[in-house]
Amino acid sequence: MQWIAVAASLLPDDAQYIIRPHPMCPIDPAEYPRLRCTMSEAPLSYLLRTCDVAFTGNITSAAVDAYVAGVPVVSTLDGGTLNLSPLRELEGVSFVADAGHLAAALVQAPVNIPDRDEYFFLDRELSRWRHLLDRALSREMKKES
């Protein structure tokens, strides 16, 4: 939140910020008096249809929701720990380590990204699982004989 408060001072005055905190981590907007923001508990699916960019923590599944919905994702990156983001190394996802980089990433975020259905590999035949299970069963049968 500190980063977004600082980044907002570097961005256009007409930018709007909708904050959807994790239910277990409430945020008091009074702690950020210069940040013109709206707090929301609306479903993420609704909020993603109304935003231009999603700024997320590093290890949240909300980043995946935004990515699949075609919303540009900017995610925090703590230089002192591993990048545990489910979106690491994916094209079009920005990772930032401070408020200045956050402001730049928000300004440079792409627009009109199509939904990204390819994030999940949905094989209805479960061919990879079947192959893996067949190999395991074959090994077990060899041990027994």
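Guide: Helices, of at least four residues, and strands, of at least two, are DSSP runs numbered from the N terminus. The model before you is a predicted one, and in it α1, β1 (17-19), α2 (44-50), β3, α3 (62-68) and α4 each supply at least two residues of the lining of the largest pocket.

Visitor: How should I read that pocket, and about how much space lies in it?

Guide: The largest pocket holds about 1,300 Å³ of space. Its lining is made up of 39 residues, and those closest to the centre of the pocket are Ile 18, Val 53, Ala 54, Phe 55 and Thr 56.

Visitor: Which element gives the largest share of the lining of the largest pocket, and how do the lining residues divide by character?

Guide: The largest share, 4 residues, comes from α2, while the lining as a whole divides into 27 nonpolar, 9 polar and 3 charged residues.

Visitor: What volume does the second largest pocket have, and which residues lie nearest its centre?

Guide: The volume of the second largest pocket is about 230 Å³. It is lined by 13 residues, and Ala 5, Val 6, Ser 9, Arg 34 and Leu 35 are the ones that lie nearest its centre. Here α1 provides the largest share of the lining, with 5 residues, and the lining divides into 7 nonpolar, 2 polar and 4 charged residues.

Visitor: Thr 56 was named at the centre of the largest pocket; is Thr 56 buried or exposed?

Guide: A residue counts as buried when its relative accessible area is under 20%. Thr 56 has a relative accessible area of 9%, and is therefore buried. Thr 56 belongs to strand β3, which covers residues 54-56, and, if residues up to four places away in sequence are not counted, Thr 56 touches Ala 63, Val 73, Val 74, Ser 75 and Thr 76.

Visitor: With which residue does the side chain of Thr 56 make a polar contact?

Guide: The side chain of Thr 56 is joined to that of Ser 75 by a polar contact of 3.5 Å. Ser 75 sits in strand β4, residues 73-76, and counts as buried because its relative accessibility is 1%. A polar atom of the Ser 75 side chain also lies 3.0 Å from the backbone oxygen of Gly 57. Leaving aside neighbours within four places in sequence, Ser 75 is in contact with Phe 55, Thr 56, Gly 57, Asn 58, Ser 94, Phe 95 and Val 96.

Visitor: How do I read a nonpolar core, and which members of the largest one touch the most other members?

Guide: In soluble globular proteins, nonpolar side chains tend to be buried together. The largest nonpolar core of this model has 13 residues, of which Ile 4, Tyr 17, Leu 35, Val 74, Leu 102 and Leu 106 touch the most other members. At least two residues of this core come from each of α1 (2-9) and α4 (99-108), and α4 gives the most, with 4 residues. Leu 106, for its part, touches Ile 4, Leu 11, Val 53 and Val 74, not counting residues up to four places away in sequence. Apart from this core lies another, of 10 residues, among them Leu 48, Ala 54, Ala 66 and Tyr 67.

Visitor: Turning to the start of the chain, where is Met 1 placed, and what is Met 1 in contact with?

Guide: Met 1 is placed in the segment before α1, and its relative accessible area of 28% is why Met 1 is described as partly exposed. When neighbours within four places in sequence are left aside, the contacts of Met 1 are with Ile 19, Ile 27, Tyr 32 and Leu 35. A separation of 26 Å lies between the C-alpha atoms of Met 1 and Ile 113, which are 112 residues apart along the chain.

Visitor: What is the phi of Glu 89, and what is that of Leu 126?

Guide: Glu 89 has a positive phi of about 70° although it is not a glycine, and Leu 126, also not a glycine, has a positive phi of about 55°. Glu 89 is found in the loop between β4 and β5 (93-96), where its relative accessibility of 79% makes it count as exposed. Leu 126 has its place in the loop between α4 and α5 (127-144), and is partly exposed, with a relative accessible area of 44%.

Conventions. Residues numbered from 1 in each chain as written. Predicted model: local features only at pLDDT ≥ 70, side-chain atom pairs only at ≥ 80, totals over all residues. Heavy atoms only, no water. Buried < 20%, exposed > 50% of the residue type's maximum accessible area, 1.4 Å probe, protein only. Polar contact = N/O pair within 3.5 Å; in protein donor to acceptor, adjacent residues only side chain to side chain. Contact = heavy atoms within 4.5 Å. Core = buried A, V, L, I, M, F, W, Y, C linked by side-chain atoms within 4.5 Å. 1 Å grid on protein atoms, 1.4 Å probe; cavity = no way out; pocket = protein on both sides within 12 Å on 5 of 7 lines; lining within 4 Å. Points joined across faces, edges and corners; volume = space filled by probe spheres on them. Nonpolar A, V, L, I, M, F, W, Y, C, P; charged D, E, K, R; others polar.
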